[in-house]
Amino acid sequence: MLLTERLHFFDQSDPASLILLNNTAKYKLYGASEILVYEEDDLNRVYFLIHGEAKFYKVDRFESEIFLYSLSDQTLLTNIGSLKCDSISCFSNIEFMVQSEVISFDLKLFKEVVQKENQLLINLVNLLADQKQMVDCMISMGMVYDVTAKVAKMLHDHLPLYNSLKKQEISYRLNIQPATLSRVLAKFIRLGLISEENQKTIVLKKEDLSHYFKEAI
């Protein structure tokens, strides 16, 4: 199987236009906690995540990590910048949270191929738009919402993900302290908005839960 065939991004594209990309493509398996790039790195390759999960974070002046967002299967890990530029700068650290499969392509060649085929250009615009919307929502939540609204939003919109994570991991993603998370959860349980059964959280009153983050905007 050609490496480009492992990415949905290249579905419906002309196989002939992908020959050069496949010839220069690189595949790598990363382990959990491995770093792909640091925020100050200059890149000349574009990276796609086939399978796995990567977190994007920055480090403040106290050497504390500030979680920004995460991406999982079939996503573009590195922004490509302008189609006229042959290099990009990474604006956050990218670290893998689980074992992950990555394919990379020469950035200049990737842009040349994309510009020559309309279907790939459409795929790129759609992919970047979807990811930008997700990133904007995550960053806005971190800047605008208080801790109660953050927890309510995650329970309301991302309950399966919430239940798949340990409380410490949830606190990290929301940039709050574990003790603060526990206090908010206790409040929601007391109000009858959620319940805990078999170490899983169940949302009982989803609409009531939404008031906490809708009113925070």
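The following dialogue examines two helices of a predicted model.

User: What are the ground rules for this model?

Analyst: Residues are numbered from 1 along each chain as its sequence is written. Because the model is predicted, local features need pLDDT of at least 70 and side-chain atom pairs count only at pLDDT 80 or more, whereas totals for chains, interfaces and linings use all residues, and side-chain values use heavy atoms, with hydrogens and water left out.

User: What makes a segment such as α7 count as a helix, and how does its span compare with the expected one?

Analyst: A helix is a DSSP run of H or I with at least four residues, numbered from the N terminus. α7 has 13 residues. The expected span is 1.5 Å times one less than the number of residues, and the 18 Å from the first C-alpha of α7 to its last is close to the 18 Å expected.

User: Why are the buried residues of α7 said to lie on one side?

Analyst: Buried means under 20% relative accessible area, exposed over 50% (1.4 Å probe, protein chains only). The buried residues of α7 are T180, L181, V184, L185 and F188. They cover an arc of only 135 degrees around the axis, so they are on the same side of α7; the arc is that of the directions from the helix axis to the C-beta atoms. The exposed residues R183 and R190 are on the face turned away.

User: What makes the buried residues of α8 line one face?

Analyst: In α8 (residues 206–214), L209, S210 and F213 are buried. These buried residues fall within an arc of 105 degrees, so they line one face of α8. They pack against α4, α7 and β12, where contact means heavy atoms within 4.5 Å.

Key
Helices (H or I, at least four residues) and strands (E, at least two) are DSSP runs, numbered from the N terminus.
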